[in-house]
Amino acid sequence: MTEINHTPDAWPTRYDPGEIEDSIYRRWEEEKSSLASPSGPDPYVIVIPPPNVTGILTMGHVLNNTLQDILVRWQRMKGREALWLPGTDHAGIATQNVVEKQLAREGLSRKDLGREKFVARVWSWKEEYGGTIINQLKKLGCSCDWSREGFTLDPGLSRAVGEVFVRLYEKGLIYRGTYLINWCPRCHTALSDEEVEHEEKSGSLWHIRYPVKGSDTFITVATTRPETMLGDTAVAVHPEDPRYRDLVGKTIILPVVNREIPVIADEFVDPAFGTGAVKVTPAHDPNDFELGRRHHLPQVVVMDTSGKMNENAGERFAGRDRFQCRKELVELLGQMDLLEKVEPHLHAVGECYRCRAIIEPYLSLQWFIRMKPLAAPALRAVREGKITFYPDRWVKVYEHWMENIRDWCISRQLWWGHRIPAWYRGEEVYVGQDPPQGEGWSRDEDVLDTWFSSWLWPFSTLGWPEETDDLKAFYPTSDLVTAPDIIFFWVARMIMAGLEFREEIPFSRVYFTGIIRDMQGRKMSKSLGNSPDPLDVISEYGADALRFTIARLSPIGQDVHYSNALCELGRNFANKIWNAARFVAGRLGEGEIADPRSEADRLSLDDRYILDRLGLTIESCGDFLSRFHFNEAALSLHDFFWHHFCDRYLESAKFALAGEESGRAAVVRGVLLEVLTASLKLLHPFMPFITERIWQLLGREEMLIDSPWPVPEPDLFFPGVRRPAELKQELISAARMLRKEYELPPGKKVSFVVVPGKTADAADLEAEAETMAALVRNCSLAVDPAYRPEKTVPSALVGDWTVYMPLRGIIDPAAEKERFSKKLTRAESARKKVKNRLRNPDFLAKAPPGVKEKTQSQLEDLTREVLNLRKILSALE
């Protein structure tokens, strides 16, 4: 080891993360510390869930990427060839929308530019702004292999996309057809089922009378979307419904447009819903589409792609917005005496996951993937335990979706994205990676769903379809850390793609993070104004403070409740680490440093205990991380370093280092260095910047990011000292508490007598009396099995041990009795008032729950104070 730097100038009294974080990250990059080699040992691989190229860092990104970085740094230090593969997603709809808004501010539209110039404009935007979130991830400390940074529209990944499309088409799993799809009138594109988010909304259920041809009777149907009735081609009833048995086969006159439509019978109809008779609109409802196919009904499209009514809706409504049409149509039906009644109705409304526009089921010519053949092996992989979900409750969610999977609509009516590799010439269709030869061919105008490239991410980023060294070494990957809201969008599809194109699962374990919420339990969002900018948090608290706080707040399977104020936890811990390291470095330069492994016979009870606790912490931290228990790993490190090392051992070490025995001081310095070194390694995955900086100041030649993870050493476990060492600390705490209870000033020297119980620790602790007294401060302390107080003496029980604090000659009993009597009177009076308040019926009826809880807590605190003061007065008698 090089010389330890213990000069004051090298160790500022205050840790300032803003001064060191950027320079440390630059050095990691210069040293290529995060680069992985395909020839390295025992690969550990995580692929980043690629953020949208339009994105900026959110608290959700902080949560997900902090946990990934903890795992990667941990595995790298364990000696594995750790690859964290980064990249961004081209985000078709989102990116196109950003650039279209930019054009709109210039008074232009994409159609003004044309496809080629518009796509070039998007690429220019991407080159200028697309790296924003990558740079922000670096500010967080993410140790990705940036040399492998991918982008879903890169040439290599685009080739993989084309290869997959062609293979699935040739296998008969990709097809083109006119089907009912989810259509966003705002984005002007089809959406998959997973891209539609449903929200419960209050609406209406309109009951409309349809006249029966040739009679003066009506059949009443109930609908939540009356504007679609203009596209009705039948009315359906259940075949067993006696109310309508005589009407099956009859003809209905569709109101307003006066189209004749049949009454049909189908078991799909629920007799209990509405009137038991349903309008059938095959071109505008998914259930009606299937019902219409069974009965060979015509499909009448009454809207255009902007959500406006077309000529099929009739001259009166053509050109009207769908919701304006609804309003006018309902008024007209009322005037025609065909509106029987309107009921309030709560129903799920589908919205575009991007722009929140209400989705319209729309009949359209699109490309699809048959998903059931792909889903079956992916479902088996999870059921057979080849892939494990953490927490395992997500297995049921996955199974339900896979068992009920529908074909995936993969075409999008956009210009930004992977253009579908299909060409047409008359009735001819050509699908291939390269354009077809010959005249008259025109390429499909649509692009593929963004997720079509993302589902290939674990292997397309490694060079597939080529059998590259990276692909051979790093696929399948190891763990996946992702949010549960993309279990269908991404996780399930990656499993399907991996098994279909590599015949291997893409990863062995999937950890689903919680959702990050504010302290009121609300999901963070810009609209609520409750989503802090992580860069502002990093600027105020430091990246390490944010990272540690997030990890500490992340119990497996539960959401994270966050506020910026909680980062005080991480910042205080960073300051504690800095101050402790600064103290240790200063002591290390004062003399010889002995290796505790070769000085076992000179190790004190405190030395052995801290080394033993260190070994236990190394074990527990590794165990917690292996099971994704990030919060428990963070808690175990915080507890060890703050309480065991700083609060206890450093205080003991100060006493030993102040002594005159140089050999003993050398051993203590050796223990300090051993514990600090291992602690920095354990803390590094959570708090990489401060630990790396301290490591540099300790004079280490290698970087901490490249150093080996600590392993428990059998020779440094001392299970026999656990009980006496913990008892020693409890006795010290009891003595301090007695002094505090009797309000004795720090300058007044007192005496303590410790009477052992029946345990076998008396001999060990008799030898510790001097250090115990030093840690209690300004006192004398004796361990005396024979001590018996003549009168009542202030005391505290610690198990079957007793700590006595004789006060004869130290205080004026009469004066102290008077002082504590006054305090007791005040406490009893306050307690009585609070007790009466809690008995007041008016208070109990009107006070908010939080106020009642606070008042109850006050009563409990005052009751404890009264009892303690009575105990003190009894001892003073």
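## A tour of three buried spots

Start by selecting Ala-543, Asp-544, Ala-545, Leu-546, Arg-547, Phe-548, Thr-549, Ile-550 and Ala-551: these are the buried residues of helix H17. Keep in mind as you look around that this is a predicted model. Now widen your selection to the whole of H17, residues 543-552. Because 9 of its 10 residues are buried, this helix is largely enclosed by the rest of the structure.

Next, move to strand E8, residues 218-223, and pick out Thr-220. Is Thr-220 buried or exposed? Its relative accessibility is 12%, and buried means under 20%, so Thr-220 counts as buried. Show its side chain together with that of Glu-340: a polar contact of 3.0 Å joins the two. To see the surroundings of Thr-220, leave aside the neighbours within four places in sequence and display its contacts: His-207, Ile-208, Arg-209, Tyr-244, Thr-275, Ala-277 and Glu-340.

For the last stop, go to helix H22, residues 688-697, and select Glu-692. Which side chain of opposite charge is nearest to Glu-692? That is Arg-27, 5.7 Å away; Glu-692 is buried yet has no salt bridge. Turn on the side chain of Trp-28 as well, and you will find a polar contact of 2.8 Å between the side chains of Trp-28 and Glu-692. Finally, add the other residues that touch Glu-692. Leaving aside neighbours within four places in sequence, its contacts include Ile-24, His-684, Met-703, Leu-704 and Ile-705, and Trp-28 is also one of them.

How values were computed
Residues are numbered from 1 along each chain as its sequence is written. This is a predicted model: local features need pLDDT of at least 70, side-chain atom pairs count only at pLDDT 80 or more; totals for chains, interfaces and linings use all residues. Side-chain values use heavy atoms; hydrogens and water are left out. Helices (H or I, at least four residues) and strands (E, at least two) are DSSP runs, numbered from the N terminus. Buried means under 20% relative accessible area, exposed over 50%, partly exposed in between (1.4 Å probe, protein chains only). A polar contact is a pair of N or O atoms within 3.5 Å; within protein, one must be able to donate a hydrogen and the other to accept it, and residues adjacent in sequence count only if both atoms are side-chain atoms. Contact means heavy atoms within 4.5 Å. Lys and Arg count as positive and Asp and Glu as negative; His and the chain ends are not counted. A salt bridge is a side-chain nitrogen of Lys or Arg within 4 Å of a carboxyl oxygen of Asp or Glu.
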